[in-house]
Amino acid sequence: MSQVININPNKQTNRDGVWGLRTWETFGVLCFVSLLVFFIQDQVIMTKEVYYHILGEQLDVERIDALLGLQAKWKWVGYVLIPVVLLVQMACIAACMFIGAILLDWRISYRSFFTLVVRAMTVIAVGKVLQTLILLLSNIQSLEDIYRADWFSLLGWLGKENIPELLLVPVSFVNVFEVLFWVLLVAGVRQLSERRGGLGFVAATYGVGVVLWSLFLVYLQVNFGS
């Protein structure tokens, strides 16, 4: 017999936002945090000197200056894309979970899953802020310095040089805040499904999506990487 779970989407999505904020207000805060982090990293951390250190062994100064000039010209695109990328990311995660709910015949609305994802993404935003603070306090001169300053990820703990090239992308997904994101998703699913779902559901929906995305990035790395 199929499971039928009745959810009141208005109760789940409209009035129970993070810290009293509604769903779209929370999304606005996440966009602001992401834009602020991007600005600080671009203007304060990734200075011209850092780029010269990173690219100096591969390109001459004129070429680096040309690349920096092109980057400055199109920098506004990065700011515009941040809210779009966030929205698409959250929508895709919610869609994966909603499809899983349909297959299980759980009557949980897409809006409920979207709200859950938006709330859970707050922990990712906190991670971005903390990582940016660590970078500000570090003497960043190269990519290796950036990796070493990532205290919260498996990649930072193991060291880029100790990981095979093909595993860099999958390993980069393993970090403290991603684990906390999973915990929040599992807790939210258990609440929405009246405790009939959990880790297995998140792994079979969001988890499969992460695996497919990482495989796609590895494919791009193999075929178009240097």
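**Exercise 1. Aromatic pairs.** Count the aromatic pairs in the structure, then classify the pair Phe181 and Tyr206.

*Solution.* Start with the criterion: rings of Phe, Tyr and Trp (its six-membered ring) pair if their centres lie within 6.5 Å. Planes under 30 degrees apart are called stacked, over 60 edge-to-face, and the rest tilted. By that rule the structure holds 12 aromatic pairs. Now take Phe181 and Tyr206: the ring centres sit 5.4 Å apart and the planes meet at 75°, so this pair is edge-to-face. Next, place the two rings: Phe181 belongs to helix α10 (residues 176-192) and Tyr206 to helix α11 (residues 199-224), so the pair links distant parts of the chain, 25 residues apart. Helices here are DSSP runs (H or I, at least four residues) and strands are E runs of at least two, numbered from the N terminus. Finally, check burial: Phe181 and Tyr206 are both buried. Buried means under 20% relative accessible area, exposed over 50%, and partly exposed in between (1.4 Å probe, protein chains only). As an extra, one aromatic cluster is formed by Trp24, Phe27, Phe98, Tyr110 and Phe114.

A word on the ground rules: this is a predicted model, where local features need pLDDT of at least 70 and side-chain atom pairs count only at pLDDT 80 or more, while totals for chains, interfaces and linings use all residues. Residues are numbered from 1 along each chain as its sequence is written, and side-chain values use heavy atoms, with hydrogens and water left out.

**Exercise 2. The whole chain.** Work out the helix and strand counts, then the burial, contact and surface figures.

*Solution.* Secondary structure comes out as 11 helices and 0 strands. Reading along the sequence gives α-α-α-α-α-α-α-α-α-α-α. Of the 226 residues in the chain, 36% are buried. For contacts (heavy atoms within 4.5 Å), look at residues at least 6 apart in sequence: 68% of those contacts join residues at least 24 apart. The accessible surface, from the Shrake-Rupley method with a 1.4 Å probe, is about 13600 Å², and 67% of that belongs to carbon and sulfur atoms.

**Exercise 3. Salt bridges.** How many salt bridges does a search of the whole structure find, and which helices hold Lys75 and Asp42?

*Solution.* The test is a side-chain nitrogen of Lys or Arg within 4 Å of a carboxyl oxygen of Asp or Glu. Run over the whole structure, it turns up 1 salt bridge. Lys75 pairs with Asp42, with 3.0 Å between the closest N and O atoms. Lys75 lies in helix α5 (residues 75-103) and Asp42 in helix α2 (residues 23-45), so the pair ties together parts that are 33 residues apart in sequence. On accessibility, Lys75 is partly exposed at 22%, whereas Asp42 is buried at 13%.

**Exercise 4. The nonpolar patch.** Find which helix gives the most residues to the nonpolar surface patch.

*Solution.* Patch residues need over 30% relative accessible area and no salt bridge; nonpolar side chains (Val, Leu, Ile, Met, Phe, Trp, Tyr) are joined within 5 Å, like charges within 9 Å. Here, Val44, Val126, Val129, Leu130, Leu133, Leu136 and Leu137 make a patch of about 600 Å². Helix α6 (residues 110-137) gives the most, with 6 residues. One of the patch members, Val126, is in helix α6 and is partly exposed at 40%. Val126 and Ser34 are 92 residues apart in sequence, yet their C-alpha atoms are 9.9 Å apart. Val44, for its part, is in helix α2 and is partly exposed at 47%.

**Exercise 5. Cysteines.** Explain why Cys96 has no bond to Cys92.

*Solution.* A disulfide is a covalent bond between the sulfur atoms of two cysteines. The cut-off is a pair of cysteine sulfur atoms within 2.5 Å, and the structure holds 0 disulfides. For Cys92, the nearest cysteine sulfur is that of Cys96, 6.8 Å away, which is too far for a bond. Both are partly exposed, Cys92 at 44% and Cys96 at 29%.

**Exercise 6. A positive phi.** Where does Asp105 lie, and what is its phi?

*Solution.* Asp105 lies in the loop between α5 and α6. Its phi is near 60°, a positive value in a residue other than glycine. At 31% relative accessibility, Asp105 counts as partly exposed.
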